[in-house]
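Visitor: I have a new model open and would enjoy a guided look at how its parts fit together. Could you walk me through it?

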Amino acid sequence: MNNISELLDQISSPDDLRHLSVAQLPELCAELRRDIVDELSVNPGHLASSLGVVELTVALHYVFSTPYDRIVWDVGHQAYGHKILTGRKDTFCTNRKLHGIRPFPTPMESEYDTFTCGHASNSISAALGMAVAARKTGHDDRHVVAVIGDGAMSGGLAFEGLNNVSSSPNDLLIVLNDNDMSIDRAVGGMEKYLLNLDTNATYNRLRDKASKWLHSMGYLNDDRRKGIIRLNNALKSALSHQQNVFEGMNIRYFGPFDGNDVCETVRILEQLKNMRGPKLLHLHTVKGKGYEPAEREATIWHAPGKFDPETGERIPDTADPYPLKYQEVFGRTLLELAEANPNIVGVTPAMPTGCSMDIMMHAMPDRVFDVGIAEGHAATFAAGMAKDGLMPFCNIYSAFAQRAYDNIIHDAAILNLPVVFCFDRAGLVGEDGPTHHGVFDIAALRPVPNLTLCSPMDECELRRMMYTAQLPGMGTVVIRYPRGKGVKRDDWHCE
Ligand SMILES: Cc1ncc(C[n+]2csc(CCOP(=O)(O)OP(=O)(O)O)c2C)c(N)n1
């Protein structure tokens with residue numbers, strides 16, 4: 001591997017980046033990508049998502065005057081390139097470590113980090129707030145950009161943001177980073193809709209031909225661009241037999257374009273930069289881009305642990321699989337219970353692999369529901385199924401379950417419906433830091449009527465609690481248990 005980083009070494013801030021020519025940007029992207037792979041091979045973190053947005057990250061800081069202009073990342077697990085370009089190249093080796101730089105962007109760390117990141121789907125709402133504030137505080141020249149993935153776009157908060165974007169005067173740019181993946185494969189109606197936009201081959205062919213022809217004739221000047229874009233979208237709606245959902249909400253839609261082509265992405269962002277009104281740029285990117293093992297198995301390489309950068313071989317913390325993780329015990333126990341009780345169903349908001357519900361999902365695909373990044377919906381959906389005779393196990397990470405607080409009270413506990421909420425990653429979670437610690441659930445849930453709250457002292461108790469919770473008459477139960485390994489070696493099944 002060539003480890004020379006001539007361009008990256010010159011960059012201490014985005015100002016340095018803006019001194020490069022557009023023609024130098026592909027090389028910079030290659031260097032940045034290599035740096036991320038090398039660093040993460042010894043100091044683990046979120047790899048595949050950061051690799052996928054290298055070009056977009058470079059293009060955004062190249063075109064926009066950050067930090068005056070605002071880039072709002074969604075989740076922030078894809079922002080390692082952003083950290084490296086914004087003054088944290090030398091401290092990136094401390095990422096996620098005690099006293100090191102933070103796991104997710106936060107304004108507490110850098111003026112380039114515009115908002116709290118960690119929980120998905122808040123970028124559109126936060127960026128809209130900033131775009132409105134810019135107008136009202138005399139910063140009319142400030143550009144505000146929200147960068148949101150297709151997975152995060154499935155979250156209810158993102159939809160609420162979009163709904164509001166269309167009704168408040170603002171110049172927000174939303175960049176939809178569409179890689180067909182959440183952590184696992186992205187699911188749901190929005191995903192299918194985006195795929196349809198992406199794969200409308202007739203439209204894409206026509207668009208390419210038309211834009212080449214218009215360029216060659218010298219017709220593609222700024223005045224004409226707006227008309228052409230409208231024509232584009234009308235054409236797309238006609239060809240896909242669908243109205244564009246964003247256009248339908250008065251958010252002008254552009255795309256899909258190749259977000260892994262840095263020069264093209266710069267060109268498009270330059271065009272959209274000073275366009276008034278809300279707009280959405282749909283980019284298609286490849287999760288894990290440029291690192292073959294990550295491109296091939298993006299779920300595993302979302303956060304792969306340590307690995308050999310040359311061979312792509314992952315290095316386990318220890319060769320000893322025991323004690324099993326609480327997650328593994330949860331997954332195996334759920335399948336056993338479901339085999340015995342046909343009313344048991346599983347619900348996960350976008351974390352089937354993380355919580356191990358994928359074990360039941362593979363064995364009983366029609367009895368497990370991955371509802372996307374939608375914790376509130378997951379809780380209410382489970383309650384609806386419980387109301388009419390099913391026995392749902394709804395697994396939510398404790399920190400993300402904060403999003404479902406009202407749903408648990410209003411839709412499950414008040415009626416004492418038999419839903420077993422399993423709160424994974426309860427307590428301190430280590431490297432993912434304050435946004436991911438599951439430390440508020442006990443205080444939040446203790447006052448809730450009807451609800452039984454319990455916490456196993458080991459993985460055997462987890463199994464027993466799961467068994468007891470699904471017995472008739474138990475009502476709404478929350479079982480909270482920690483991340484990672486249990487304590488039992490041979491007798492995890494507690495027979
Ligand atoms: C509220 C909430 N639920 C779940 C998660 C866990 N999570 C982190 S990243 C991610 C997938 C995000 O997918 P997408 O937005 O498409 O970004 P990509 O990783 O594909 O770039 C999920 C589910 C989270 N961070 N926040």
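Visitor: Happy to begin with a single residue: leaving aside neighbours within four places in sequence, which residues is T265 in contact with?

Guide: A word first: this is a predicted model. T265 is found in helix α12, which covers residues 262-273. Setting aside neighbours within four places in sequence, the residues in contact with T265 are L56, A59, D258, G259 and L283.

Visitor: Is T265 buried or exposed?

Guide: The cut-off for buried is under 20% relative accessible area. T265 has a relative accessible area of 1%, so T265 is buried.

Visitor: Let's turn to the sheet. In what order do the six strands come?

Guide: The six strands form an open sheet, and their pairing is parallel. The edge strands, each pairing on one side only, are β7 (368-370) and β10 (452-454). Neighbouring strands are turned by 15 degrees against each other on average, direction ignored. Read across, the order is β7-β6-β8-β9-β11-β10.

Visitor: And which residue of β7 is the bridge partner of G346?

Guide: Strand β6 spans residues 344-348 and runs parallel to β7, with three bridges joining the two. For G346, the bridge partner in β7 is V368.

Visitor: Now for helix α18: why are its buried residues on the same side?

Guide: In α18 (residues 405-413), the buried residues are N407, I408, D411, A412 and A413. They are on the same side of α18 because the arc they cover around the axis is only 155 degrees.

Visitor: What do the buried residues of α18 pack against?

Guide: One partner can be followed residue by residue: G376, H377, A379, T380 and A383 in α17 meet N407, I408, D411 and A412 in α18. The full set that the buried residues of α18 pack against is α17 (375-387), β9 (420-424) and α19 (441-445).

Visitor: How is α17 oriented to α18, roughly parallel or roughly antiparallel?

Guide: Their axes come within 9 Å and cross at roughly 10 degrees. Angles under 35 degrees count as roughly parallel. Therefore α17 and α18 are roughly parallel.

Visitor: Last stop, the interior. Which residues have the most contacts inside the largest nonpolar core?

Guide: The largest nonpolar core has 81 residues. Another core, of 55 residues, lies apart from it and includes A383, L417, C422 and I479. Not counting residues up to four places away in sequence, F246 touches M153, L162, L176, M190, Y193, L194, I251, Y253 and L280. Inside the largest core, the residues with the most contacts are L47, M153 and F246.

Conventions: Residues numbered from 1 in each chain as written. Predicted model: local features only at pLDDT ≥ 70, side-chain atom pairs only at ≥ 80, totals over all residues. Heavy atoms only, no water. Pairing = 2+ DSSP bridges. Helix = DSSP H or I, 4+ residues; strand = E, 2+ residues; numbered from the N terminus. Axes fitted to C-alpha atoms, helices over the stretch in contact; angles between N-to-C directions. Buried < 20%, exposed > 50% of the residue type's maximum accessible area, 1.4 Å probe, protein only. Contact = heavy atoms within 4.5 Å. Arc of directions from axis to C-beta. Core = buried A, V, L, I, M, F, W, Y, C linked by side-chain atoms within 4.5 Å. Parallel < 35°, antiparallel > 145°, perpendicular 65-115°, else oblique.
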